[in-house]
Amino acid sequence: MQRYSDEIIEEVRQTNDIVDIISQYVHLKRSGRNFFGLCPFHNEKSPSFSVSPDRQIFHCFGCGVGGNVFTFLTKIEGISFIEAVQTLAERSNIQLPTLNSSGDEAKELLKSKVYKVNEYAANYYHKNLYKPESKIAQEYVKKRKLTSETLESFKIGFSGKFDELYKELKNQGFEEKEILESGLVNKNDKGQYIDRYRNRLMFPICDVRGKVIAFGGRVLDDSKPKYINSPENVVYSKGRHLFRIKCCQKRGYQANTYCRRIYGCNISSSKRNYKCSSTTWNSINTRTRLVT
Ligand SMILES: [Zn+2]
């Protein structure tokens with residue numbers, strides 16, 4: 001497996017102060033030489049999570065988790081080591097050499113295509129919200145007092161009927177493989193393609209790099225299920241990811257607009273500078289509970 005040289009990894013590490021990075025997720029307070037806060041990896045009421053600026057490491061006395069800035073990012077974002085290096089290099093404007101992918105080439109290609117499908121779908125749903133035939137969704141967001149600013153910054157959308165998204169994706173030249181892998185469209189026993197999300201208010205879920213990795217869809221009436229979410233696929237893993245719904249507007253890594261309560265009726269609270277740290281949403285159930 002290809003990897004970056006130790007020198008460049010070290011350069012990336014040194015140009016990303018661990019206190020700066022962790023502060024984006026955890027409210028840290030200085031105490032002596034170190035900083036303390038509530039551990040984002042286990043539930044606690046008094047801070048046992050410490051960060052050492054001198055040693056550039058973190059350690060939790062409660063659950064034992066610890067490591068450097070890369071360790072922190074891989075754990076909190078559910079990304080690989082290489083992705084953590086890339087994310088931090090981008091943040092500090094370090095140009096990384098291109099890695100030649102090995103046996104995973106096909107998987108990487110599929111991944112990049114699924115990201116494109118997701119990105120396209122997020123824009124499609126968002127535009128759809130403003131169409132005349134989406135009156136029901138427009139009325140819903142109005143009733144929920146979601147401003148156009150909120151709708152824009154979270155790129156909230158509305159999914160169409162039966163196979164509208166599928167047809168649109170095909171028209172755009174996407175292939176069946178990436179369309180089905182995205183989980184946005186299902187193929188039934190009769191060989192018909194059906195959009196997974198129909199007549200739902202749509203919330204794109206992004207990773208730390210701002211890439212759309214999944215969607216949540218909420219019904220506008222009393223039908224069940226109230227929420228559905230993307231299935232796991234090459235770009236999205238429920239168990240592994242620590243979810244944050246991120247403002248999908250490209251605001252860069254420093255964006256502090258992550259908001260766990262965007263999803264549903266509590267979204268309006270995000271407008272009031274609702275700043276939240278990263279949220280552990282390991283299952284749909286947890287997430288649904290947060291927003292019901
Ligand atoms: Zn802990």
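1. Let me start with the smaller-numbered topic on my list, a sheet: β6, β9, β10 and β11 form an open sheet of 4 strands in that order, with antiparallel pairing. At its edges stand β6 (157-158) and β11 (227-229), each with a single partner strand, so one side of each is left without a neighbour in the sheet. Strands here are DSSP runs of E of at least two residues, helices are runs of H or I of at least four, and both are numbered from the N terminus. Two strands count as paired if DSSP finds at least two bridges between them.

2. A word on the model before going further. This is a predicted model, in which local features need pLDDT of at least 70 and side-chain atom pairs count only at pLDDT 80 or more, while totals for chains, interfaces and linings use all residues. Residues are numbered from 1 along each chain as its sequence is written.

3. Back to the edge strand β6. It is joined by 2 bridges to strand β9 (residues 200-206), and the two run antiparallel. If you want a residue pair to look for, F158 stands opposite L201 in β9.

4. Now the chain overall. It holds 10 helices and 11 strands. Of its 292 residues, 33% count as buried; buried means that 20 or more other C-beta atoms lie within 10 Å of the residue's own, exposed means 12 or fewer, and partly exposed is in between, with C-beta atoms placed from the backbone. Among contacts between residues at least 6 apart in sequence, 57% join residues at least 24 apart. A contact here means that the C-beta atoms of two residues, placed from the backbone, lie within 7 Å.

5. There is also an open sheet of 5 strands, in the order β1-β2-β3-β4-β5, again with antiparallel pairing. Its edges are β1 and β5 (66-67), each with a single partner strand, so one side of each is left without a neighbour in the sheet.

6. Strand β2 (residues 34-37) is a good place to look at side chains. They alternate along the strand: F35 and G37 point to one face and are buried, whereas N34 and F36 point to the other and are not. On one side, β2 pairs with strand β1 (residues 29-31) in the antiparallel sense over 3 bridges, and F35 is the bridge partner of R30. The hairpin of β1 and β2 has 2 residues between the strands, and G32 takes a positive phi near 70 degrees there.

7. Strand β2 also pairs with strand β3 (residues 49-52), antiparallel and over 3 bridges. Here F35 stands opposite V51, and G37 stands opposite F49.

8. Strand β3 continues the sheet to strand β4 (residues 57-60), with antiparallel pairing over 4 bridges. The bridge partner of S50 in β4 is H59. These two strands form a hairpin with 4 residues between them, and in the turn Q56 has a positive phi of about 55 degrees.

9. On to the helices. Helix α3 (residues 69-77) and helix α4 (residues 81-91) have axes that come within 9 Å and cross at roughly 110 degrees. The axes are lines fitted to C-alpha atoms, for helices over the stretch in contact, and angles run from 0 to 180 degrees between N-to-C directions. The two helices are therefore roughly perpendicular to each other; that label covers 65 to 115 degrees, with under 35 as roughly parallel, over 145 as roughly antiparallel and the rest as oblique. The contact is made by V69, F70, L73 and T74 of α3 with F81, A84, V85, T87 and L88 of α4. By class, it has 7 nonpolar, 2 polar and no charged residues. Nonpolar covers Ala, Val, Leu, Ile, Met, Phe, Trp, Tyr, Cys and Pro, charged covers Asp, Glu, Lys and Arg, and the others, Gly among them, are polar.

10. A second helix pair to check is helix α5 (residues 105-128) with helix α8 (residues 164-171): they pack at an angle of about 125 degrees, with their axes 11 Å apart. They are therefore oblique to each other. V117, Y120, A121 and Y124 in α5 meet L165, E168 and L169 in α8. The residues of this contact divide into 6 nonpolar, no polar and 1 charged.
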